[in-house]
Amino acid sequence: MDKLEVHPPKGKPFSAIIRTTDLNVRLSEWLASHQMRLNTRCGQRGLCRGCQVELDCASGKSLRRACQLRINALPEDLRRIRIPNTSLSDHSLHGVSIFEVNVEPDKAGRREGIGMAIDIGTTTVAAALWELSSGKCLSTASMGNAQGRYGDNVLARINHAVESDTGIQDLQEALVRDSLVPLMKRLCADAGLDPASITEANASGNTVMLHTLAGEPLDGLSKYPFKPVFLGHRVMDSVGLGFPQSFAIEFLPSPGAFVGADIVSGVVASGMLESDAIALLIDFGTNGEIILKHGGRYLATATAAGPAFEGGRLSCGAAAKDGVISSLNREADEWKWKLSRDDGKVRPTGMSGAAYVDFIAEAKRAGILNVRGRYDRDHPEVVEETIDGDQEFLVRLSKKVYITEPDIAELIQAKAAIAAGAMTLLELAGLEPSDLDKLYVSGGFGYYLNLENAMEIGLLPEVPIATIQV
């Protein structure tokens, strides 16, 4: 075999020559070198089916994990490789960028120039351009964090940084070159500005993400007692980090190794800092962070929620874009949905994390799901189908959208992590959910979240709806 024929889900098939230096390379890495990046969300450890491809051989077809298959181990009778849509890595420019600021801008700090505010999430990065003289927001945008190819959670990224000789360089390049620079260009294009007009920026995110932006080693965060290289405020020049033009980037301070600057930003922007109210802020994300203010004190924690709330690891999970179900309800035994962008012609192709929350709540009410998160096998909507070579019980909403039992399990784990973090903080403070004056929900996930359904499945503490601000 001297060349491979590859059939992507969209676009034209292509053939590429196999060189001697390719022989011991993973198929996932070989495809990436030919601009065909796969969804290697587990960090190429073979722990998921994100990079699964179909090998079409003369002797038959089979599904294999591309990260566990070397070029020299491909079958001799291989005719072509087919890539399922779910296996393609998608970091396109889409998502929800909502910046609600409940405090008055400091007029004394206004100055000439254009500032860029960056929120570096494990799964999604978001940014906004600001006119510093007026305090006016000029544009906002978000996209997937391209570091996802090295793992979909902070522990996988830490593992890559520690185990690979070029690990931290890989993470920094993926974040800056493949995520932040395209995001910056999009922001400037939307605002009608040249990127050279940016005079300064500030960056928030969890401690691991800020370390990868700075290019600092993650060894100290890989083991107890979890000592980061830095937590406090620092300023660095953008060119040294990989940006094409020079401006100062201000790193916001983090309280701890896994409680980052992002939740500090949330405390300031929400108004918690200036209020005496008993308040809980939940920042939904792969690294879920929660902070409680009570009696002038702050208690904070981080929870390993995983990427499920942003659609990660779910069979039909997707970020908000054309064709993605953003909310779901059930009327007269029929599923009704809304798409995040709907022109009346698009059919559903995926589901957002918020829509999965809706599904669990509605399926629980309808008796489709039992208290253990398993489907009622006798319910007429529950079917058994072969999905990626495995038999799965599922509920199908449309031709392309379905929900399997492993999807439910993934979401329940994420829900349990957030709920446990919130209830632990309340217990440490000697409080009940009813004692809360304010519950803040942040993160793009919260924008579409049905609050009643979130409380129904135990994702949010049960409080009056008027208490909650998204």
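## The E15–E16 hairpin and its sheet

In this predicted model, Leu328 stands opposite Trp337 of strand E16. The two strands concerned, E15 (residues 324–331) and E16 (residues 334–339), run antiparallel and are joined by six bridges. Two residues lie between the strands of this hairpin, and Ala332 there adopts a positive phi near 50 degrees.

The hairpin belongs to an open sheet of three strands, with the order E16-E15-E17 and mixed pairing. E16 and strand E17 (350–351) stand at the edges; each has a single partner strand, so one side of each is left without a neighbour in the sheet.

## The second largest pocket

The second largest pocket has a volume of about 340 Å³. Its lining comprises 20 residues, and those nearest the centre of the pocket are Asn153, Val154, Leu155, Ala304 and Ala305.

Three secondary structure elements each supply at least two residues of this lining: helix H2 (154–163), strand E14 (297–304) and helix H7 (405–428). By class, the lining of the second largest pocket contains eleven nonpolar, seven polar and two charged residues.

## The enclosed cavity

The structure contains one cavity of 30 Å³ or more. About 40 Å³ of space lies in the largest cavity. The residues lining the largest cavity are Leu292, Lys293, His294, Arg297, Tyr298, Leu299 and Ala429.

Strand E13 (287–294) and strand E14 each supply at least two residues of this cavity lining. Strand E14 also supplies at least two residues of the lining of the second largest pocket. Divided by class, the cavity lining has four nonpolar residues, one polar residue and two charged residues.

## Cysteines

How many disulfides does the structure hold? The number is zero. For Cys67, the closest cysteine sulfur is that of Cys51, at 3.7 Å, which is too far for a bond; a disulfide requires sulfur atoms within 2.5 Å.

Cys67 is buried, with a relative accessible area of 3%. Cys316 also counts as buried, at 7% relative accessibility. Both assignments follow from the cut-off, because buried means under 20% relative accessible area.

## Helix H5 and the residue after it

Helix H5 spans residues 261–270. The buried residues in this helix are Ala261, Asp262, Ile263, Gly266, Val267 and Ser270. Gly271 follows H5 and has a positive phi, near 95 degrees.

## Aromatic pairs

The structure holds six aromatic pairs. One of them is formed by Tyr224 and Phe226, with 6.1 Å from centre to centre and 90 degrees between the planes, an edge-to-face arrangement. The label follows from the angle, because planes over 60 degrees apart count as edge-to-face.

Are Tyr224 and Phe226 buried, partly exposed or exposed? Tyr224 is exposed, with a relative accessible area of 70%, whereas Phe226 counts as partly exposed at 33% relative accessibility. Ring pairs also bring in Phe258, linking Tyr224, Phe226 and Phe258 into a cluster.

Conventions:
Residues are numbered from 1 along each chain as its sequence is written. This is a predicted model: local features need pLDDT of at least 70, side-chain atom pairs count only at pLDDT 80 or more; totals for chains, interfaces and linings use all residues. Side-chain values use heavy atoms; hydrogens and water are left out. On a 1 Å grid over the protein atoms alone, a cavity is a set of points where a 1.4 Å probe fits but cannot get out, and a pocket is an open set with protein on both sides within 12 Å along at least five of seven lines; lining residues have an atom within 4 Å of a point. Grid points are joined across faces, edges and corners, and a volume is the space filled by probe spheres set on the points. Helices (H or I, at least four residues) and strands (E, at least two) are DSSP runs, numbered from the N terminus. Ala, Val, Leu, Ile, Met, Phe, Trp, Tyr, Cys and Pro count as nonpolar, Asp, Glu, Lys and Arg as charged, and the others, Gly among them, as polar. Two strands pair if DSSP finds at least two bridges between them. Buried means under 20% relative accessible area, exposed over 50%, partly exposed in between (1.4 Å probe, protein chains only). Rings of Phe, Tyr and Trp (its six-membered ring) pair if their centres lie within 6.5 Å; planes under 30 degrees apart count as stacked, over 60 as edge-to-face and the rest as tilted.
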